[in-house]
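Okay, let's get going, I'll keep this short. Have a look at the model on the screen, and then I'll walk you through two spots in it.

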Amino acid sequence: MEGVGTVWGALASPRYLVSAWPWRVYAYLLSSIPMGGLAITVLVGLAALSALLSPILIGILMLTAFPLIGAAIGWVERRRAGLMLIEGIPSPHAALPIGLSVRKRLAFRRREQASMRALGYSFVLGTFIWPVSALFGGLSATVLGITLATPFLATNDDVAMWNWKLDTFGEGLLFLVLFGPPFYAVSSYLLGVIAGAEASLAKAMLGPRQEELQRNLAEVRRSRLDLVDAFETERARIERHLHDGVQQRLVGLTMTLGLAELDLPEGEGRRLVVKAHAEAEAALADLRAAVRGIHPRVLVDHGLEAAAREVADRMPLPVTLNMTLPYRLPAPIEAAAYFVISEALGNVAKHAQATKCEVSGWVDRDRLVVTVQDDGAGGARLGAGTGLTGLVTRLDALGGTLDVDSPSGGPTRLRMECPCRLG
């Protein structure tokens with residue numbers, strides 16, 4: 001059933017009975033029985049063992065394991081809830097800091113409020129949820145199974161259904177046809193409500209609170225910023241290697257070939273050296289362009305305005321640059337804006353059939369805004385190529401956005417917004 005993400009949505013659908021949801025309901029309720037039995041057994045057993053060993057202090061120390069037991073049961077229950085909630089239940093736990101030992105990891109997880117809530121849910125599961133699931137789910141499954149088997153039971157032995165005695169296969173089949181579908185319909189809806197209530201309780205107790213959602217979002221954003229920073233560091237390392245290593249070797253090669261060209265007499269050998277000299281100079285020019293694209297030195301030394309002007313000057317069509325920034329921005333933000341401008345102007349030159357282009361940039365309420373507009377044929381969109389798609393991902397990690405407005409026939413306007421501060 002497309003568009004149904006929870007059992008509550010499924011219950012509202014007229015196709016509920018002919019979908020897989022009733023069987024998911026049965027699976028959820030019946031699996032609650034062993035999980036609840038296991039939970040209460042472990043909790044009671046650990047409590048009894050702690051009480052028994054309390055005179056030698058080991059039992060008191062064992063009490064600290066209760067939150068970890070709850071966290072483990074909560075981990076299983078969040079995944080089991082996926083039977084009723086298609087998207088499951090997000091984890092409320094914080095990401096473990098890198099570099100901690102196993103002991104410190106366990107201590108970190110034990111102190112979390114989410115672990116204590118999971119412990120509370122484990123107790124509710126073991127004392128209340130599984131008996132309800134066993135009563136309604138187990139009883140319904142038993143009655144449904146006996147009803148399905150009635151024709152075969154009646155053939156081998158007399159079966160009494162209330163005041164109706166079934167002693168033939170036909171009578172058993174008639175009972176199945178008359179009683180089976182109504183019972184299946186009523187029990188499926190009743191069990192769906194019970195399973196939905198249990199899943200909602202699990203989500204309320206095992207899901208993240210608002211502050212935990214904000215913390216998890218901040219952790220995700222921080223990790224993505226770390227990736228962006230690592231990416232920029234690697235780009236700078238590659239640029240240094242190419243600039244200080246490979247480029248210098250090519251410069252030396254062109255100088256050597258130039259000297260050889262002067263010393264050789266006219267002939268085939270000199271012609272080959274001249275050709276090699278030209279090829280080396282072309283390779284050096286290509287390498288310089290690649291180095292500029294990997295990590296532009298002008299961006300590092302003079303900022304976004306100067307780097308954008310350099311890109312505009314290299315374009316084969318007139319580009320008007322209107323950019324006034326009151327201060328230097330953090331390096332990852334300047335780099336993202338630079339590559340947006342560079343990629344956008346490159347696309348204009350290759351595909352837009354434009355006669356002019358305008359690049360603007362300013363700071364509006366602590367947000368950097370950059371626009372690139374051309375008078376080309378239009379029809380551009382995000383996702384059509386890998387360049388802008390990668391920049392969207394990069395900007396998202398910085399908290400920014402990238403939008404393209406490009407109706408057929410033009411004009412095309414690309415707008416980038418990004419916070420002026422990281423974090």
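So, α11 and α12 run roughly parallel to each other, because their angle is on the low side of the cut-off (under 35 degrees; over 145 is roughly antiparallel, 65 to 115 roughly perpendicular, the rest oblique). This is a predicted model, where local features need pLDDT of at least 70, side-chain atom pairs count only at pLDDT 80 or more, and totals for chains, interfaces and linings use all residues. Residues are numbered from 1 along each chain as its sequence is written, and side-chain values use heavy atoms, with hydrogens and water left out.

Back to the helices: α11 is residues 304-313, α12 is 331-352, and they pack at about 15° with axes 10 Å apart. Who's touching (heavy atoms within 4.5 Å)? From α11 you've got Leu-304, Ala-307, Ala-308, Val-311 and Ala-312, and from α12 there's Glu-334, Ala-337, Tyr-338, Ile-341, Ser-342 and Leu-345.

Okay, second spot: the loop between β4 (357-363) and β5 (367-374), where Arg-365 sits. Most residues other than glycine have a negative phi. Arg-365, though, has a positive one, near 50°. Asp-366 is in that β4 to β5 loop too, and its phi is also positive, about 65°, although it's not a glycine.

And are those two buried or exposed? Arg-365 has 74% relative accessibility, so it counts as exposed (over 50%; buried is under 20%, partly exposed in between, with a 1.4 Å probe and protein chains only). Asp-366 comes in at 29%, so that one is partly exposed.

Terms used
Axes fitted to C-alpha atoms, helices over the stretch in contact; angles between N-to-C directions. Helix = DSSP H or I, 4+ residues; strand = E, 2+ residues; numbered from the N terminus. Contact = heavy atoms within 4.5 Å.
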